[in-house]
Amino acid sequence: MASRQSFQAFGCLTFFSCILFCSYAPTFALTDVEQSYIARRQLLALRENRKLPDGYEYTVKTTEKFENERLRRAFIALQAWKKAMYSDPKNITSNWFGPNVCDYKGVYCVRAMDDPKLKVVAGIDLNHADIAGYLPVELGLLTDVALIHLNSNRFCGIIPESLSELTLMHEFDVSNNRFVGAFPKVVLSWPSVKYIDLRFNNFEGCLPPELFKKDLDALFLNDNRFTCNIPETIGKSTVSVVTFANNKFKGCIPRSIGKMSNLDEIIFSNNNLGGCFPQEIGLLRNVTIFDVSKNSFVGSLPANFSGFEKVDVLDISGNKLTGSVPEDICKLPSLSSFKFSYNYFSEEHMACIKPERKNIVVEDTGNCVAGRMKQKTDKECKQMVSNPVDCSKDKCTGGSPPSKPKSPPLPPVHSPPPPVHSPPPPVHSPPPPVFSPPPPVHSPPPPVYSPPPPPVYSPPPPVYSPPPPVHSPPPPVYSPPPPSPPPPVHSPPPPVQSPPPPVQSPPPRTPSPRPVVSTPPPTKDIVLPPNIGFEYQSPPPPMFPGY
């Protein structure tokens, strides 16, 4: 244990220096063990609330001289980041030393927006640098930064909450790395952000509904591990491009999608979405790319799909759609690619089989269209085609699915038995004792399975004797029979040797369930999921005016 602590205290640079220089076959790709180590080091370095304390920069001593205090803050942040980098095969940060931070490679300075006399760090672009490491909490000191591009590196761990201090953020691209954790809600604190690119990482969980209330232009979420339903607030989004592909989203396409007036491209492919298409999709008259392939959508195509006046690429392949492919879709004026293969369509209009324009690509294989090549077998088609889904009753279109018949409620297990003067007790009540005398005249008859009463050897009581109270139960099991001569009319009833039981007998015992003893899950070390995006290279983000 002591050696392990001393190793951690020695720092991360020694660990990676050994990896880089002592290996016979040097490689710059991170193994899962190395990535796990980096993530662990980041968690150990984070403050309790993952933020910097107020005035933190004043606690760091520097001997260099700077033009202004903001450049000094940037120096502290960039030096902390360099220490958090464990592999830089292209030597991008080789000149990251000294007070002239504006000369650092990948660091860009401009005049401050609030004070043109001051030069500040406004952007960091390390795209395709192949650097391995993590983001230190000190990056929260870069309060003048409006652009961070880290596309195609090997950064891992989480996005620290201290980045909420970067209130001028305009473009944030961390795509094609190995970041983990929930959706980085720190982006919700940036009032001016327009471009968010989280592609090809290992983010997981649900999307916050507030995300689609941001004034965004582009949002890339594809190739992560997001789950849950897509929030209904998507209708409030101002994005022109949004990608949900290659995640684990489920549920319906929100009906509010028809309100996305700025939408140009939207991609839902390869998720667990399902149900019928909402009619509101036909309101997306400006969309040019609409891709819902490789999901579980059912039903027929809405008639208002013909409202895609500007659509260039339409891909609905790999679902469970039925019915016919209408003529209007295949005659859309801007259509160049229409894929509806691997569904259960049984009819296809001639305009789709032989398009009028030669520049249209149509793929219809794997359906149930008679006379067409490479279709499903009759056996595969029969069940789906003969039982089409009624989309008017589908919840994804706003319909009400047929309600299931309600089963009668079960009687409560611990309900007390009725009083003595009520109708016969339930079947599960215990039979009366065998040695008890016959019940009074006014009591209900005993259950069928009780034995016949023993013969009465004592003479009946006189007519004028008061009958026993109706509510008194029979005497206990071992009480002796009443004496033969009845008591006089005016004398009180004979004392009972054993006290009578309470009026309401307790319910029959039911065997209590055996307690379930749950064992806590075993604790494991940090094991991060495999890299799913390193082999991809995302395109560079669009350039906005002023950057």
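**Figure 1. E69 and R72 pair up along helix α4.** In this predicted model, a salt bridge brings together the side chains of E69 and R72, with 3.3 Å from N to O. Both sit in helix α4, and because they are 3 residues apart there, about one helical turn separates them. Their surroundings are worth a look too: E69 is partly exposed, at 33% relative accessible area, whereas R72 counts as buried, with 13% relative accessibility. The cut-off for buried is under 20% relative accessible area, so R72 falls within it.

**Figure 2. R70 reaches from helix α4 to D144.** Here the closest N and O atoms of the R70–D144 salt bridge are 3.1 Å apart. This pair ties together distant parts of the chain, 74 residues apart: R70 belongs to helix α4, while D144 lies in the loop between β4 (132–133) and β5 (147–149). R70 is partly exposed at 24% relative accessibility, and D144 is buried, with a relative accessible area of 14%. Keep D114 in the frame as well, since a network of salt bridges links R70, D114 and D144.

**Figure 3. R285 and E309 connect two loops.** The side chains of R285 and E309 form a salt bridge, 3.4 Å from N to O. R285 comes from the loop between β16 (272–275) and β17 (289–291), and E309 from the loop between β18 (296–299) and β19 (313–315), so this is another link between distant parts of the chain, with the two residues 24 residues apart. Both partners are partly exposed: R285 has 39% relative accessibility, and E309 has a relative accessible area of 42%. Across the whole structure, the search turns up 11 salt bridges.

**Figure 4. W81 and F244 in the largest nonpolar core.** This core has 85 residues, and W81 and F244 are the ones that touch the most other members. Elements giving two or more residues to the core are α4 (69–83), β3 (119–125), β20 (320–325), α5 (327–330) and α6 (350–353). Helix α4 gives the most, with 7 residues. Domain 1 (57–186) and domain 2 (206–391) both supply residues, so the core lies between them. As a bit of background, nonpolar side chains tend to be buried together in soluble globular proteins.

**Figure 5. Zooming in on F244.** Who surrounds this phenylalanine? Setting aside neighbours within four places in sequence, F244 is in contact with L207, F212, L221, N222, I230, I234, F249, I266, I267, F268 and N271.

**Figure 6. An open sheet with mixed pairing.** Its 6 strands come in the order β1-β4-β6-β8-β10-β12. At the edges are β1 (85–87) and β12 (225–226); each has a single partner strand, so one side of each is left without a neighbour in the sheet. Further in, strands β6 (residues 154–157) and β8 (residues 178–182) run parallel and are joined by 2 bridges. To pick out a bridge pair by eye, start from C156 and look for R178, its bridge partner in β8.

**Figure 7. The annotated stretch at residues 77–109.** An unreviewed UniProt entry gives these residues the annotation "domain: Leucine-rich repeat-containing N-terminal plant-type". In the model, the chain over residues 77–109 is 21% helix and 18% strand. The C-alpha atoms at the ends of this stretch are 15 Å apart.

Notes
Residues numbered from 1 in each chain as written. Predicted model: local features only at pLDDT ≥ 70, side-chain atom pairs only at ≥ 80, totals over all residues. Heavy atoms only, no water. Pairing = 2+ DSSP bridges. Helix = DSSP H or I, 4+ residues; strand = E, 2+ residues; numbered from the N terminus. UniProt positions renumbered as here; feature names shortened; annotations may be inferred. Core = buried A, V, L, I, M, F, W, Y, C linked by side-chain atoms within 4.5 Å. Buried < 20%, exposed > 50% of the residue type's maximum accessible area, 1.4 Å probe, protein only. Domains from an automatic or database assignment. Contact = heavy atoms within 4.5 Å. Salt bridge = Lys/Arg side-chain N within 4 Å of Asp/Glu carboxyl O.
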